Amino acid sequence: MADNGLSCSLKASYQDFNLDVSFSVKSGELACIIGPSGCGKSTTLQLIAGLLPLNTGQLVLNGRDIAHTSVHERQIAMVFQDYALFPHMSVEQNIAYPLKIRKVGRVKRKEKITRLLSMVALEGYQKRKSQELSGGERQRVALARALASEPKLLLLDEPLSALDAKLRKHLREEIRRIHDETGITTLYVTHDQEEALSIADRIIVMHEGRVMQEGTGEQIYNEPANIFVATFMGEGNTLPYSIIPKTLVNTGGVTPFVFKPKEGKHTIFFRPEEVLVQDNKNLPLAEYLVHLQFKQAEVVSCEFQGDHYRLVCNWEGYSIISHCSHRPQARTVTLGVRIKHIREYVDGESVKKTLLPSVGE
Amino acid sequence: MREDKNLQYKRFYRVMPLPSAMVLLLLFFVPLFFTLSSAFFTEQGFSFSRIAGVFTDPYTQRIMLFTLLQATLSTLASLLVALPGAYLIATYSFRGKRLILALSAIPFVIPSILVVLGFVIFFGNNGFLNRILMALFELEEPPLSILYSFPAIILAHTFYNFPIIMSLVSSYWEHMDGNCETASYTLGATKAKTFFSITLPRLLPAIISAASLVFLFCFNSFAIILVLGGGPQYTTMEVEIYRQARMLGQSGSAAALSLFSILVTSILLLWYNSTQKRLARSETYRNSNRLNEKKPATLFGKLLALLYTVASFLFILGPIASVVVRSFMASSSRSSAETFSLKWYRQLLSLERATGHMNSALQALSNSLLIALLVALCTVPLALTLSAAIRRKEKKGSMLELFGMLPMTVSSVIIGLGYYLISAKIRGGLLTSYSLVVLAHMVIAIPFVLRTILPEYRKIPDSYIHSSLTLGAGPLRTFLLIELPLLRGAMFTGAIFAFALSMGEFNATLTLANSSIVTLPIVMYRLIGSYNFQGACALGTILIAVCAIVFIVSELAKGGNHGR
């Protein structure tokens, strides 16, 4: 049997939007689907689970075509946002539910429940009712119940969104640990970038029913394929291409860039942590390092974030966000960003660099 | 279209309501069809002559007008009594308030024939109120003589319906955000000005909604008018339909009259529905304003609260209590005074030789219990499967919901008429007649049971069902293991509802039944008709006891439910 995970290509149209996505999740991998609300990530999950009808497309799990299999025969378990613990059953009965369906004997059932509960760190919770559990505990029980069905694929639909920030961090570590212990192929939906970056082997960014980019966290963050991914995954500065002649620090007569005014809207993008901030006029950047320099940037706000200051500056009508280690004393600062940290986009799509790095880099 | 297997669980819910929809179709539309066809078909074939004849006849025109008049007056009277009570309950906390609210549920649940009986026993010439007044003021003659008159009808309707308005309006009032009033005071408005320009307009949707419900009830009122109206002078549509069909043998004109009644009822129901929707939109619902409650400040306020409490007790509980008390009284000889006696119960249980209609009382009791049990057992699965389909929120859902509520558009007398016309066609034995009674009761009970189960069903999140499916349980297993257990409480309450409705059902039963059919309310009616009030009271007491037991059990069951 080819144990090669999930591969799907889903097409569906609804009243207000069309969904057209294709991606794959390797066996034993934890993949995240991330996107703003309404991007179709939950719909994708429901299509895979079989809760929504799939009219066109393919759905192959471990080499088996499941596009037209009924929900309860797909061997895909799902953890819901509201946990969906059955309120008329105890914790034990909830976890026993899929085991009974699979006709696991009484003794084995007890064993397995004990094992699962200890895996989710809820030893001795067998007799509790779901109403007596806290949000985090319900989440764990829901996870244990889903694992009890020994699914080929585990779907998690924003499993942590109803919990407070501290618990969320703790539980996502737990989910990762449990995933590593069980090695179960997992597809995890979230709208939280930090969550996706920290938990996932691979991230699938969705927007308006389409996959915008697929890749590891580093790839997504450092090499966003388009402006949407760039601005959705973390903060960033987007400026028009036309500011380059004004700001470029050109050294030693080397033509550092080839200006190719193509069709379409050219933009440049860089992250706040790549911006250097200087109170005085001179940046601590060597002249030979080609960079953009924004002089006389007016400080609009400066927020203390604990390990850094988040600075919002206004430079000739453009807003530029930067992170710096100290609070600037003057009302105006000079900002600089190196060419190698700048990404270019034409009509929102990433293009090959037209800005050439200077000699020596 | 290709059958897609992954839609299987949806198909399950689509197929499930079909049997019950079929049953409902048969139970409701077949009798209605019989009724309407006899309105349009004469011996000469299809014609409007019957309809035209009925609508142009000055006699029936007078009845239609009278029906509307009495309903209007009854509604106004109920408003007059209920609104001060609603005000007191919503704004003050005082002793007896909880009790008033609890008592106000009584008219909802007690059968109309009991109301009639209680009214006669309490307000009648020889009734408790007159006896008390005569004893107090040493009068020779009973001071109140209101029975069998127009005021009697209005009074009985008021007694029967004012608690509905009181509890609906007061609960709306209580949950209304009091900050608007406070804002008005800070803007310099006086109390009276604030009440008339802020509070009253905000309350109006609730008042209108409650009043239209009461108007509907009064329009379709039957038992009260039949007994208390006391003759053709005070006849309403419903009574006239019954009279034409069963006393004059004119089922054709009865059917034509039904058409008018159905029309008005449908309009009223549509109107009521729209007021309900407006109500849901108009105010943001606050959970509770209990903190704002205060004790009546002035002596006048205290007196008012006390007076209202006492009066409510007297009027709600008085008639019911009188029925119970009277059932234990009998005079040993013709001239002697009445003393405590179990005579009527001995007669009822056939321990003592009974005369007149009392000899069928035991039979009636067991019949009623059996019928009610059957109705409860059959109605709940029907309503359950219907609501399972309605819940799916698809377009068909709301159509189906409307469909399930359809029997409400037709008064129970007309349902009875339909079944009477069927029974005239098939001429079955006694068993057939009783089956028809069960079927008619089911039609009447379904909308109520549906209204009990559906809201609970809607509370079950989709994710429960989806969870179960993704855990490997098929649609049927999911329905049996997840949905059914979660609905146990609602199903039980629905069954109780159906049982109580059937126990007290009088209108349809009287209209369709021949003389050999006996149920508790029918025998009570016959006893009242032959002036054997104590006998009727004994039966009434048993009816009260059955209803009370059933509702206490249902309250206990509610307490044991899972709080979700």
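In this predicted model, the contact between the two chains draws 23 residues from chain B and 26 residues from chain A. On the chain B side, the elements that put in two or more residues are α1 (8–15), α21 (462–470) and α22 (475–486) of chain B. Of these, α21(B) gives the most, with six residues. Sorted by class, the chain B side that touches chain A comes out as 10 nonpolar, 10 polar and three charged residues.

Turning to chain B itself, the secondary structure amounts to 26 helices and four strands. Of its 564 residues, 46% are buried. Take the contacts in chain B with a separation of 6 or more: 79% of them are between residues 24 or more positions apart.

The domain assignment cuts chain B into domain 1 (1–33 + 357–564) and domain 2 (59–112 + 146–286), with the C-alpha centres of these two domains of chain B 25 Å apart. Where they meet, 20 residues of domain 1 of chain B are in contact with 21 residues of domain 2 of chain B. On the domain 1 side, two or more residues each come from α19 (412–426), α23 (488–504), α24 (507–512), α25 and α26 (533–559) of chain B. The largest share of that side, five residues, belongs to α19(B). As for its make-up, the domain 1 side of this contact in chain B has 15 nonpolar residues, five polar ones and no charged ones.

Two of the helices on that side can be looked at a little further. Helix α23(B) has 17 residues and covers 24 Å from its first C-alpha to its last, close to the 24 Å expected at 1.5 Å a residue. α23(B) is also mostly covered, with 13 of its 17 residues buried. Helix α25 of chain B, which takes in residues 520–529, is home to B:Ile522. What makes B:Ile522 count as buried? The call follows from its neighbour count: B:Ile522 has 23 C-beta neighbours inside 10 Å, and 20 or more is what the label requires. Setting aside residues up to four places away in sequence, B:Ile522 touches B:Ala364, B:Thr509, B:Leu510, B:Ala513 and B:Ile517. B:Phe137, by contrast, sits 385 residues from B:Ile522 in sequence and 38 Å from it in space, C-alpha to C-alpha.

Next come the nonpolar cores. In soluble globular proteins, nonpolar side chains tend to be buried together. The largest nonpolar core here has 242 residues, and those with the most contacts inside it are B:Leu117, B:Ile165, B:Val169 and B:Leu539. Helix α17 of chain B, running over residues 361–390, gives the most to this core, with 16 residues. One of the well-connected residues, B:Leu539, is in contact with B:Leu348, B:Ala361, B:Leu520, B:Val523, B:Met524 and B:Leu527, once its neighbours within four places in sequence are left aside. Apart from the 242-residue core lies another one, of 19 residues, and among its members are A:Val275, A:Phe294, A:Ile320 and A:Ile339.

That leaves chain A, with nine helices and 20 strands. Its C-alpha trace spans about 80 × 45 × 40 Å along its principal axes. Buried residues account for 39% of the 361 residues in chain A. Among its contacts between residues at least 6 apart in sequence, 68% link residues at least 24 apart.

Chain A is split into domain 1 (6–232) and domain 2 (237–350), and the C-alpha centres of these two domains of chain A lie 40 Å apart. The contact between them takes seven residues from domain 1 of chain A and eight residues from domain 2 of chain A. The domain 1 side of that contact in chain A is made of five nonpolar, two polar and no charged residues.

Finally, there is an open sheet of four strands in chain A, with the order β11-β13-β19-β20 and antiparallel pairing. Its edge strands are β11 (237–240) and β20 (349–350) of chain A, and each of them pairs on one side only. Strand β19 of chain A, residues 343–346, is joined to β20(A) by two bridges, and these strands run antiparallel. Within this part of the sheet, A:Tyr345 stands opposite A:Ser350 of β20(A).

Definitions and conventions. Residues are numbered from 1 along each chain as its sequence is written. Chains are lettered from A and ligands numbered from 1 in the order in which they are written. This is a predicted model: local features need pLDDT of at least 70, side-chain atom pairs count only at pLDDT 80 or more; totals for chains, interfaces and linings use all residues. Two strands pair if DSSP finds at least two bridges between them. A residue is buried if 20 or more other C-beta atoms lie within 10 Å of its own, exposed if 12 or fewer, and partly exposed in between; C-beta atoms are placed from the backbone. Ala, Val, Leu, Ile, Met, Phe, Trp, Tyr, Cys and Pro count as nonpolar, Asp, Glu, Lys and Arg as charged, and the others, Gly among them, as polar. Domain bounds come from an automatic or database domain assignment. A nonpolar core is a set of buried Ala, Val, Leu, Ile, Met, Phe, Trp, Tyr and Cys residues joined through C-beta atoms within 7 Å. The expected span of a helix is 1.5 Å times one less than its number of residues.
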